[in-house]
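Colleague: I'm new to this one. Please pick a single part, walk me through it slowly, and then show me what surrounds it in the bigger picture.

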Amino acid sequence: MDRHQRIVAQVASKVKDYFTRKEPFRISHGSTNSTRPNLKKRVVDISGLRNVIKVDKQTRTALVEPNVPMDRLVEATLPHGLVPPVVMEFPGITVGGGYAGTAGESSSFKFGFFDRTINEVEMVMADGKIVKASENENADLFRGAAGAVGTLGVTTLVNLRLIEAKKYVKTTYYPTRSIAQAVKEVREHTEGEKGEKNDYVDGILFSKDHGAIVTGEMTDYLPPNIKPQTFSHALDPWFYLHVENATRTSNEPVVEYIPLAEYMFRYDRGGFWVGRSAFSYMSFPFNKFTRWFLDDFLHTRMLYRALHASGIATRYIVQDMALPYPNAEKFIEYTDKEFGIWPIWLCPLKQSEQPTMHPHTKGELQDTQMLNIGLWGFGPQEPQEYLSKNRALEKTLGEMGGMKWLYAHTYYSKNEFWSQFDRKWHEDLRTKYNAGGLPDVHDKVHVDIQKYTDMAQKDWGMRLKNVWPLGGFWGIHKSIQSKDYMIHRNSTWKWKRLGASRRWWMWCHRGIVQLYVPARWKVKCGCLSLQKHLQTSISRQSHTRQGINWGWAKKQTLPKPIRGASMAQLSFIHTDLNDLFLRAFKECATSIVNNLSTDANDPATTAAIQTIVAQLNYDYSRLAFVVDNVQGRIYRDPAWVDAAVAALDLIAMSVDPAFRHPVLQIRGPLLVQYQLMKVLQARFTEMMAIGAWSRGFILFIGRLGATRDSIGSLTPGIALHILTSMIDASQLFGGQNLDMLLGFVIAVGPLLDMQALDVVDRFGEKLRLLQERAKRRDTMTGLSVFGLLKLRESGWGVGGTDVS
């Protein structure tokens with residue numbers, strides 16, 4: 001929590017600064033699934049808040065920072081046998097986005113919107129104050145900030161409720177042959193006995209006369225001789241195409257078993273069906289081969305990157321609209337007539353209590369449930385026609401008692417917008433919590449087409465992106481540049497179903513797909529040397545099924561497809577190949593560590609560390625090598641201390657809890673703590689023996705004396721041992737060594753003074769010994785130590801965490 005508190009304090013300080021100067025500001029999260037144009041100025045960056053701090057199996061809760069995406073959250077909770085009740089289908093949607101925005105998914109008919117599964121939030125208000133909100137504390141803020149798109153404050157921490165996870169989802173596809181039948185059956189599956197039994201319900205309409213209602217029941221049972229269906233691998237089908245094929249000719253329900261995480265993120269590949277639009281725009285063939293060949297581009301993170309960068313979002317319809325059930329069929333017929341967009345997504349939703357900023361029904365149409373309709377596809381190319389059709393869509397939606405979700409393009413006038421919500425309630429909350437420095441909801445979500453059009457006409461870059469296919473190529477370039485494809489490649493939630501020979505086939509035959517990976521990334525990771533090792537070794541070695549990390553080679557090299565060679569012709573040696581991959585891992589890990597930023601909050605650090613952790617392969621020697629490398633850089637680079645602590649903390653939090661020491665009974669994050677303390681003592685002993693003190697190293701161990709992060713802190717015994725060694729050292733008064741010692745004492749002093757009385761007494765005895773040595777040195781040295789003792793008497797000032 002120490003790292004979290006430091007970042008929140010920085011955010012609060014910057015927010016307070018804007019509040020004092022009466023300057024409006026916006027929040028930068030580092031990523032977005034919104035399709036609104038991004039024209040932000042004066043931003044507060046909270047991208048460093050991206051960690052799952054704790055998963056508590058006993059209370060079934062998780063402490064999560066707002067920028068944790070759904071896939072990382074699920075990866076953190078599943079090892080504990082738990083899962084969030086509502087998991088957004090796109091892996092990149094964040095916890096903070098789910099709370100501040102509107103997030104309703106296929107389990108929302110039972111649990112409601114995502115914010116209804118939250119126990120408590122920590123927020124930085126617009127005046128810089130840090131508050132907590134829950135049903136029992138600041139309840140009006142807790143309810144009011146949900147769905148208010150960050151217009152009341154900045155969410156910095158979420159206490160999230162979890163439920164028991166099971167291994168599979170028994171999935172049933174119910175074919176439908178009309179819009180009316182689909183709307184009727186989707187509700188039936190959320191009510192009564194069916195609603196109790198089902199954990200997930202949604203639907204897809206492929207056309208007016210073909211659809212499917214999809215239900216899911218969590219289960220640990222897999223019938224004999226049944227193979228789980230997956231959707232995350234390059235050769236897997238896209239979910240919507242799979243359901244379409246399964247229900248096209250059948251009138252009977254189709255049952256499959258899908259691993260839980262695969263079910264949750266089943267729409268990731270293809271972004272539901274938005275990915276198909278990319279093929280249409282680029283006039284590229286759409287078939288199984290091209291989807292496999294371009295798989296890295298066709299996950300939601302990459303698709304959204306390309307959509308934003310290309311400028312296509314300004315003429316693409318991406319709208320989720322919640323309607324009362326009686327008008328759903330009529331509305332779908334309207335969208336078919338005006339837009340002709342198919343497929344359409346159906347998702348039943350349990351409404352939140354009013355007043356709320358979420359979509360809701362009112363008056364005669366008020367109900368506990370409503371139906372979300374997802375309309376995603378190309379709109380008119382001509383800007384004025386695009387605008388008029390969107391305005392007509394909003395008008396028709398309102399007439400039918402429906403409401404839009406606010407993540408997408410919104411064209412309502414201010415009065416039209418606020419006629420849907422309780423404006424007085426929301427503005428009273430903004431006044432009560434001093435939120436005037438933040439934009440109001442309409443200002444934040446409204447798209448000013450005229451302003452954007454004027455900007456596009458003046459900006460040559462934006463004008464060029466409107467020329468086909470330049471915008472598409474620019475979007476592809478920016479999505480590759482983001483390296484978001486690495487996130488999916490390294491995801492651990494994916495169902496591990498491929499054997500070694502299957503992975504070998506994919507590695508050999510997908511070599512050409514790796515051509516688009518930027519060469520500079522390979523150079524930076526030191527992977528060209530791995531390529532050279534592999535190419536020279538393949539001619540003389542044969543592969544076996546055990547102990548080979550094929551994924552590392554597939555992800556980080558550019559191998560040539562092997563043609564005309566059978567497995568029998570390849571005479572490989574198992575041990576040599578394992579050594580080869582270990583050498584490659586060490587080269588890449590060393591290069592990544594040496595290239596990490598000195599900024600502790602740099603978002604790129606997360607991706608880099610996750611790349612390393614994903615390749616540890618439960619091998620303790622690899623983990624020890626990484627920790628040693630981090631300490632080695634600290635020894636050489638004092639400016640990297642805070643970033644090193646953050647990096648080690650991230651490694652500790654990312655390590656699988658099942659990862660264990662080969663001999664000792666140590667698992668998960670404790671492995672990092674153990675190795676860290678082991679190397680720390682060895683390096684300190686070496687440093688004292690040669691008499692060359694390292695400022696970076698001493699700053700680091702002092703920092704550990706004040707930390708409470710996942711990597712743990714110095715034990716009192718180690719702290720006293722280090723202190724004694726430094727005081728007794730003959731080099732104490734050489735160079736800046738005394739300054740380093742004083743900084744170390746300031747850092748660990750609060751830790752030692754909170755221990756048992758004997759530890760406090762020993763600490764005091766060491767300081768008196770230091771004072772005696774200092775007095776014998778000279779007056780200024782004596783005064784420095786005297787000042788240190790006075791600081792201790794005063795209780796270490798503000799807590800002693802400032803090592804400077």
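Modeller: Let's start from the outside: the chain has an accessible surface of about 33,600 Å², and carbon and sulfur atoms own 53% of it. Those areas come from the Shrake-Rupley method with a 1.4 Å probe, and for residues only the protein chains shown count as cover. Keep in mind that this is a predicted model, where local features need pLDDT of at least 70 and side-chain atom pairs count only at pLDDT 80 or more, while totals for chains, interfaces and linings use all residues. Residues are numbered from 1 along each chain as its sequence is written, and side-chain values use heavy atoms, with hydrogens and water left out.

The chain holds 35 helices and 17 strands, taken as DSSP runs numbered from the N terminus (helices H or I, at least four residues; strands E, at least two). Of its 804 residues, 57% are buried; that means under 20% relative accessible area, with exposed being over 50% and partly exposed in between. Contacts (heavy atoms within 4.5 Å) often span the sequence: among those with a separation of 6 or more, 76% join residues 24 or more positions apart.

Now the close look: helix 12 (residues 300–310) against helix 20 (residues 470–482). Their axes are 7 Å apart and the angle is about 135°. Here axes are lines fitted to C-alpha atoms over the stretch in contact, and angles run from 0 to 180 degrees between N-to-C directions. Helix 12 and helix 20 are therefore oblique to each other, as angles under 35 degrees count as roughly parallel, over 145 as roughly antiparallel, 65 to 115 as roughly perpendicular and the rest as oblique. The crossing of helix 12 and helix 20 is right-handed, meaning the near helix is turned clockwise from the far one by less than a right angle.

Who does the touching? On the helix 12 side you'll find Met302, Arg305, Ala306, Ala309 and Ser310, while helix 20 brings residues including Gly471, Trp474, Ile476 and Lys478. The contact of helix 12 with helix 20 sorts into six nonpolar, six polar and two charged residues. For that count, Ala, Val, Leu, Ile, Met, Phe, Trp, Tyr, Cys and Pro are nonpolar, Asp, Glu, Lys and Arg are charged, and the others, Gly among them, are polar.

For a second pair, look at helix 29 (residues 641–654) and helix 30 (residues 669–690): their axes come within 7 Å and cross at roughly 140°. That makes helix 29 oblique to helix 30. Leu648, Ile651 and Ala652 of helix 29 meet Pro669, Val672 and Leu676 of helix 30, and those residues are six nonpolar, no polar and no charged.

Helix 2 (residues 70–77) shows cover along a helix: seven of its eight residues are buried, among them Arg72 and Leu73.

Loops have their own quirks. Thr410, between strand 17 (403–404) and helix 15 (414–418), is buried at a relative accessible area of 0%, and its contacts include Phe417 and His446. Most residues other than glycine have a negative phi, and most peptide bonds are trans. Asn225 has a positive phi near 65° and is exposed at 84%, whereas Asn138, with phi of about 50°, is partly exposed at 29%. Cis bonds join Trp342 to Pro343, with omega about -5°, and Gln354 to Pro355, with omega near 0°.

Methods. Buried means under 20% relative accessible area, exposed over 50%, partly exposed in between (1.4 Å probe, protein chains only). Lists of a residue's contacts leave out its neighbours within four places in sequence.
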